[in-house]
Amino acid sequence: QPMATADGRHVIVFNGEIYNHADLRPRLAGVAFRGHSDTETLLYALAGSGTDVVRELNGIFAFAWLDIAGCRLYLVRDPFGVKPLYYASTGNGFAFASELKPLLRLVPGRVDSGNLATLLKLRFSPSPDTLFAGIHRLRPGHVLELRLDAEAPVAREFPYIGKAGTGAARPGMPAAVQRYGELFTRAVERQLMSDVEIGVFLSGGVDSALVAA
């Protein structure tokens, strides 16, 4: 990484895993894939469908997609915010990273007293705030679009997931337990996708024992 499409019009840097990327590949007609990575699948899916495809992703991810022809940079974070993504406007541009350290070399790094108070009260800093003034964390389930064809970069942040419905009928306990078992099994099976051997750490609790089973 960074990885570019064959025509050089789209570039991506990606952190995470897309568990359903093998299901997305058959829909990308005409693409001559060079490898088997989920990064390449995601890159060509974005090149073909734009950020709309993000709603279909199942995984943990933070990535930056550069659409050179459209003069747009997109930062995207997974719905639960498993993978971090920070950004800041610097004196001569825009910077992003998966941790704070690189950005602190580009901006002053002044501690925001209000955000410090929130951190001490909640023991975490809710997105988009961080401990430092001028450095932001992308909200989970959001896209940050940056226009690069303007005199100054123009940013727009928007969610790509809808609100959960509240009007659905509640199943009884036996049906709920059965459904939970099905979803749990599917979730574990998805995360068995790996290029290397897989191991399990057992803490002795119910959750890790269920994963191992």
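Among contacts between residues at least 6 apart in sequence, what share joins residues at least 24 apart? In this predicted model, the share is 45%.

## Overall build

The protein chain has 213 residues, and 32% of them are buried. It holds 6 helices and 9 strands. Along its principal axes, the C-alpha trace spans about 60 × 55 × 40 Å.

The accessible surface of the protein chain comes to about 13400 Å². Carbon and sulfur atoms account for 55% of that surface.

## The largest nonpolar core

In soluble globular proteins, nonpolar side chains tend to be buried together. Here the largest nonpolar core has 21 residues. Within this core, L46, V54, L57, F61 and F63 have the most contacts. Four elements each give two or more residues: β2 (10-18), α2 (38-49), β3 (59-67) and β4 (72-77). Helix α2 gives the most, with 5 residues.

Take F61 as a way into this core. Setting aside neighbours within four places in sequence, F61 is in contact with F14, N15, G16 and I18. The list also includes V54, V76, R77, D78, P79 and K83. Y160 is another of the residues that F61 contacts.

## A second core and L75

A separate core of 9 residues also exists, and A62, A64, L73 and L75 are among its members. L75 is found in strand β4. Is L75 buried or exposed? L75 has a relative accessible area of 1%, under the 20% cut-off, so it counts as buried.

Which residues does L75 touch, leaving aside neighbours within four places in sequence? They are F63, A64, L85, Y87, F94, F96, L138, H142, V143 and L144. One of these contacts is with Y87. L75 and Y87 are 12 residues apart in sequence. Their C-alpha atoms are 9.1 Å apart in space.

## Salt bridges across the chain

Side chains of opposite charge can pair when their charged atoms come close. The count in this model comes to 10 salt bridges. One of them joins the side chains of R72 and D149, at 3.6 Å from N to O. This pair links distant parts of the chain, 77 residues apart. R72 sits in strand β4, while D149 lies in the loop between β8 (142-147) and β9 (154-159). R72 is buried, with a relative accessible area of 19%. D149 is partly exposed, at 44%. The pair also belongs to a wider network of salt bridges, which links R72, E145, R147, D149 and R156.

A second bridge joins R139 and E157, whose closest N and O atoms are 3.3 Å apart. R139 lies in the loop between β7 (135-137) and β8, and E157 lies in strand β9, so this pair ties together parts that are 18 residues apart in sequence. Both partners are partly exposed: R139 has a relative accessible area of 35%, and E157 has 28%.

## A salt bridge within one helix

The side chains of R179 and E182 also meet in a salt bridge, at 3.3 Å from N to O. How many residues apart are R179 and E182 in helix α5? They are 3 residues apart in α5 (residues 173-190), so about one helical turn separates them. An α-helix has 3.6 residues a turn, so residues three or four places apart point the same way. R179 is partly exposed, at 41% relative accessibility. E182 is partly exposed too, at 35%.

## Helix α4 and a nonpolar patch

Helix α4 covers residues 113-122. What caps its N-terminal end? D112 does: a side-chain oxygen of D112 lies 2.9 Å from the backbone nitrogen of G114. After α4 comes R123, which has a positive phi, near 70 degrees.

Not every nonpolar side chain here is hidden. V111, L116 and L120 make a nonpolar surface patch of about 260 Å². L120 lies in α4. Its relative accessible area is 64%, over the 50% cut-off, so L120 counts as exposed.

Conventions:
Residues are numbered from 1 along each chain as its sequence is written. This is a predicted model: local features need pLDDT of at least 70, side-chain atom pairs count only at pLDDT 80 or more; totals for chains, interfaces and linings use all residues. Side-chain values use heavy atoms; hydrogens and water are left out. A nonpolar core is a set of buried Ala, Val, Leu, Ile, Met, Phe, Trp, Tyr and Cys residues joined through side-chain atoms within 4.5 Å. Buried means under 20% relative accessible area, exposed over 50%, partly exposed in between (1.4 Å probe, protein chains only). Contact means heavy atoms within 4.5 Å. Patches are made of residues with over 30% relative accessible area and no salt bridge: like charges are joined within 9 Å, nonpolar side chains (Val, Leu, Ile, Met, Phe, Trp, Tyr) within 5 Å. Accessible areas come from the Shrake-Rupley method with a 1.4 Å probe; for residues, only the protein chains shown count as cover. A salt bridge is a side-chain nitrogen of Lys or Arg within 4 Å of a carboxyl oxygen of Asp or Glu. A polar contact is a pair of N or O atoms within 3.5 Å; within protein, one must be able to donate a hydrogen and the other to accept it, and residues adjacent in sequence count only if both atoms are side-chain atoms.
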